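Open the structure in your viewer and keep the selection tool at hand. We will go from stop to stop, and at each one you will hear what to select and what is there.

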Amino acid sequence: MAPIRDDFGSVRPIRRLNRLTQALLAIALAVVVNFLASLPEFRLRTTSLQTDATRLRPNPPRPSEPPGAAAQSALVAIKAG
Amino acid sequence: MRHFRTLLAHELRSAALSWNTWAAGGLFLALMGGIHFFSLIEASRAPSDRTPVESTLWFFWLPLLCVLPLLTMRTFAEERRSGTLAALLTTPASATAVVWAKFLSTWIVWVVFWLLFTLFPFLTVQRLGTPGDARLGDPSILWGGLCFIAVSGLLHVAIGILCSCVTRSSALAALLAFICLLAMTAAGGAMESLPIESWEWLGWLREPAAHLRTFGHLQDFAAGILDSRPIILYGTGTLLCLGLAVLSVEGQE
């Protein structure tokens, strides 16, 4: 009995190669994306940390004043000026 | 999309009726209950930097390696062995829908297991906690840790599904998943333990090693830091594993 003829026999290896190519491309893409994500240049801010630290520095401590003292001193300054 | 919903409902129903899921759930709760119990005992003995919940979550790798392969091993290997996968692929449902339905149902079961674990801290706080003191069952650490489990679980389940796609034997699929998950969990630590400082040609490994640090990701999530890097890692890893699984299933048609 003659073997069954495979009409797509010549195409099948190419299809298999395509699948392998797809898999390799997907792996390469995932590796590249994760490598780029792991690089420090992508996570450092463009502004300098010194500037940010200066901007976010808390106000200097004030001597304790009784309530309304600031308003009174402002009123005195207005009357004098 | 209609096929996907039907397949997902079928997979969830099968998972709920399968003794395999219930056995895995019992093993998971026994394991995590035991770990939490010993964490509480350890916390009562001496002051510690970590809360009992944090100490328990630190052992997340134990159920990951012991229980998750039990959930994923049968997804495709069993269907291939019994021949039902070929029948399923003759239906209008695509291989992609089949893979995603199995993946999503397993991930849902995995997350439900972890949600059941929250009963232990809850009961501990109810029984042993003092009002106003949240250290015993710190909710921020608990939910942050569970967010990490849910996000990293996407990749871990996808790895298990891929391992199940490449073999007919369920036992071999579980073993493959165990090895891959162990490698995935330990990769960052192993790379960091290399003498990077003394070997200059290994200098480029410093950042990838930090990128793969699974325990660092857990620490960040538990502290409430949602960094985009681990999300990219787990997202791209999930898509890669599921894409390879689809190719593998299509190749078996």
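The tour below visits chain A, the interface, the nonpolar core and then several single residues of chain B. Keep in mind along the way that this is a predicted model.

**Stop 1: chain A**

Start by selecting chain A and showing it as a cartoon. You should find three helices and zero strands, and from the N terminus on the elements read α-α-α. How much of chain A is buried? Of its 81 residues, 10% are buried.

**Stop 2: where chain A meets chain B**

Now add chain B and look at the place where the two chains touch. Here 13 residues of chain A are in contact with twelve residues of chain B. The size of an interface is often given as the accessible area lost when the parts come together. For chain A and chain B the buried area is about 1200 Å², with 68% of it given by carbon and sulfur atoms. On the side of chain A that touches chain B, you can colour eight nonpolar, three polar and two charged residues.

How many salt bridges does the rule find across the interface of chain A and chain B? The count there is zero. As for polar contacts, two residue pairs link chain A and chain B in this way, both at pLDDT 80 or more.

**Stop 3: the largest nonpolar core**

Next, hide chain A and show side chains in chain B. Select Phe28(B), Phe76(B), Trp110(B), Phe113(B) and Trp114(B): of the 63 residues in the largest nonpolar core, these touch the most other members. If you then highlight helix H10 (residues 139-165) of chain B, you are looking at the largest share of this core, 13 residues.

Stay a moment with Trp114(B) and show what surrounds its side chain. Leaving aside neighbours within four places in sequence, Trp114(B) is in contact with seven named partners to click through: Phe28(B), Met32(B), Leu57(B), Phe60(B), Pro63(B), Leu146(B) and Ile149(B).

**Stop 4: a network of salt bridges**

A search over all chains finds five salt bridges in the whole structure. Select Lys102(B) and Glu11(B), which form one of them, with their closest N and O atoms 3.0 Å apart. Glu11(B) sits in helix H1 (residues 2-17) and Lys102(B) in helix H8 (residues 95-117) of chain B, so this pair ties together parts that are 91 residues apart in sequence. Are these two residues buried or exposed? Both Glu11(B) and Lys102(B) are buried.

Keep Lys102(B) selected and add Glu79(B). This pair also forms a salt bridge, and the closest N and O atoms are 2.6 Å apart. Because Glu79(B) lies in helix H6 (residues 74-82) and Lys102(B) in helix H8 of chain B, the bridge ties together parts that are 23 residues apart in sequence. Glu79(B) is buried, as is Lys102(B). Through shared partners, salt bridges join Glu11(B), Glu79(B) and Lys102(B) into one network.

For another salt bridge, move to Arg229(B) and Asp227(B), whose side chains meet at 2.5 Å, N to O. Asp227(B) counts as buried, because its relative accessibility of 17% is under the 20% cut-off.

**Stop 5: Leu88(B) and Thr21(B)**

Select Leu88(B) in helix H7 (residues 84-89) of chain B. Apart from neighbours within four places in sequence, Leu88(B) is in contact with Leu7(B), Glu79(B) and Val98(B). Try the distance tool on the C-alpha atoms of Leu88(B) and Val98(B): they are ten residues apart along the chain and separated by 8.5 Å.

Then go to Thr21(B) in helix H2 (residues 19-45) of chain B. Thr21(B) is buried, with a relative accessible area of 14%. Its contacts, again without neighbours within four places in sequence, are Ala15(B), Leu71(B), Val109(B) and Phe113(B). The C-alpha atoms of Thr21(B) and Val109(B) are separated by 8.2 Å, with their positions 88 residues apart along the chain.

**Stop 6: Asp138(B) and Ser55(B)**

Finish with two buried residues. Asp138(B) is in the loop between helix H9 (119-128) and H10 of chain B, and its relative accessible area is 18%. Its side chain makes a polar contact with the side chain of Ser140(B) at 3.0 Å. Not counting residues up to four places away in sequence, Asp138(B) touches Thr51(B) and Val53(B).

Ser55(B) lies in helix H3 (residues 52-57) of chain B and is buried, also with a relative accessible area of 18%. Beyond neighbours within four places in sequence, Ser55(B) is in contact with Ser39(B) and Arg50(B).

Definitions and conventions. Residues are numbered from 1 along each chain as its sequence is written. Chains are lettered from A and ligands numbered from 1 in the order in which they are written. This is a predicted model: local features need pLDDT of at least 70, side-chain atom pairs count only at pLDDT 80 or more; totals for chains, interfaces and linings use all residues. Side-chain values use heavy atoms; hydrogens and water are left out. Contact means heavy atoms within 4.5 Å. Buried area is the accessible area (1.4 Å probe) that two parts lose on being put together, summed over both. A salt bridge is a side-chain nitrogen of Lys or Arg within 4 Å of a carboxyl oxygen of Asp or Glu. A polar contact is a pair of N or O atoms within 3.5 Å; within protein, one must be able to donate a hydrogen and the other to accept it, and residues adjacent in sequence count only if both atoms are side-chain atoms. Ala, Val, Leu, Ile, Met, Phe, Trp, Tyr, Cys and Pro count as nonpolar, Asp, Glu, Lys and Arg as charged, and the others, Gly among them, as polar. A nonpolar core is a set of buried Ala, Val, Leu, Ile, Met, Phe, Trp, Tyr and Cys residues joined through side-chain atoms within 4.5 Å. Buried means under 20% relative accessible area, exposed over 50%, partly exposed in between (1.4 Å probe, protein chains only). Helices (H or I, at least four residues) and strands (E, at least two) are DSSP runs, numbered from the N terminus.
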